[in-house]
Amino acid sequence: MKIKGIFIIFILFFVINGINAHGVDVTEDVMVLSDDSTGVIAKKLAEQMDFDVKVYKFNSVSDVEHQLEHALSNKNKMILVVAYQNVSNEFLQQHKDLSNRIIVVDSDDDSIKNGLIKLKQLNSTENINSNSSKISNNNVGNMDLDFTSLILIIVIIGLVSTIGTYIIKRKNNFYFLFLFILFLIIIFIFI
């Protein structure tokens with residue numbers, strides 16, 4: 001009975017460690033990252049410039065870091081940072097290749113306006129250089145991949161659970177239990 005408990009805990013450990021989703025990015029590809037005080041200013045200046053850009057207000061450093069990480073996988077992501085400059089600059093030091101798509105400015109009106117001008121130019125340059133005539137401002141393509149991954153993970157967990165239940169019910173078959181655990185380890189290494 002103790003061996004079954006140990007094996008179940010062992011299996012649960014690998015199942016929990018194997019599933020670590022980063023999350024789906026639901027923000028626009030071209031965006032302004034702000035807080036409560038800078039968000040209103042940025043939105044007002046963008047409207048004056050006739051620049052249709054989404055301004056997102058963030059409340060914590062971890063949310064900002066999470067949002068900046070989306071730029072690693074989404075090559076169309078362009079961000080103007082008008083708040084949380086320290087976190088953003090640290091992130092850019094670690095990922096120097098993103099410095100052409102993440103613009104960090106101060107929180108005053110002139111800096112935000114100049115940043116919006118740069119973001120608008122960067123957006124129009126990207127539109128000209130892209131194969132399509134317009135960059136999509138949604139992540140429908142990325143969501144298809146995420147749903148596929150989700151379905152694959154659910155199918156694997158279902159198969160593993162079914163096989164595991166079958167093996168555990170056969171009490172004197174520890175050789176197959178060992179192979180099953182080895183199979184789990186191999187699956188979660190490759191996921």
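This passage describes a β-sheet, the helices that lie against it, and a nonpolar patch on the surface. The model is predicted, so that local features need pLDDT of at least 70 and side-chain atom pairs count only at pLDDT 80 or more, while totals for chains, interfaces and linings use all residues. Residues are numbered from 1 along each chain as its sequence is written, and side-chain values use heavy atoms, with hydrogens and water left out.

Helices (H or I, at least four residues) and strands (E, at least two) are DSSP runs numbered from the N terminus, and two strands pair if DSSP finds at least two bridges between them. The open sheet has 4 strands in the order 2-1-3-4, with parallel pairing. Strand 2 and strand 4 (102–104) stand at the edges with a single partner strand each, so one side of each has no neighbour in the sheet. Strand 1 (residues 30–34) and strand 2 (residues 54–57) run parallel and are joined by 4 bridges; within this pairing, V55 of strand 2 is the bridge partner of V32, and K54 in strand 2 stands opposite M31.

Helix 2 (residues 36–48) forms a right-handed β-α-β unit with strand 1 and strand 2, where right-handed denotes a clockwise path from the first strand over the helix to the second, with the strands pointing away from the viewer.

A nonpolar surface patch of about 450 Å² is made by I151, V155, L159, I163 and F183, to which helix 6 (residues 140–169) gives the most, with 4 residues. Patch residues have over 30% relative accessible area (Shrake-Rupley method, 1.4 Å probe, only the protein chains shown counting as cover) and no salt bridge (a side-chain nitrogen of Lys or Arg within 4 Å of a carboxyl oxygen of Asp or Glu), with nonpolar side chains (Val, Leu, Ile, Met, Phe, Trp, Tyr) joined within 5 Å and like charges within 9 Å.
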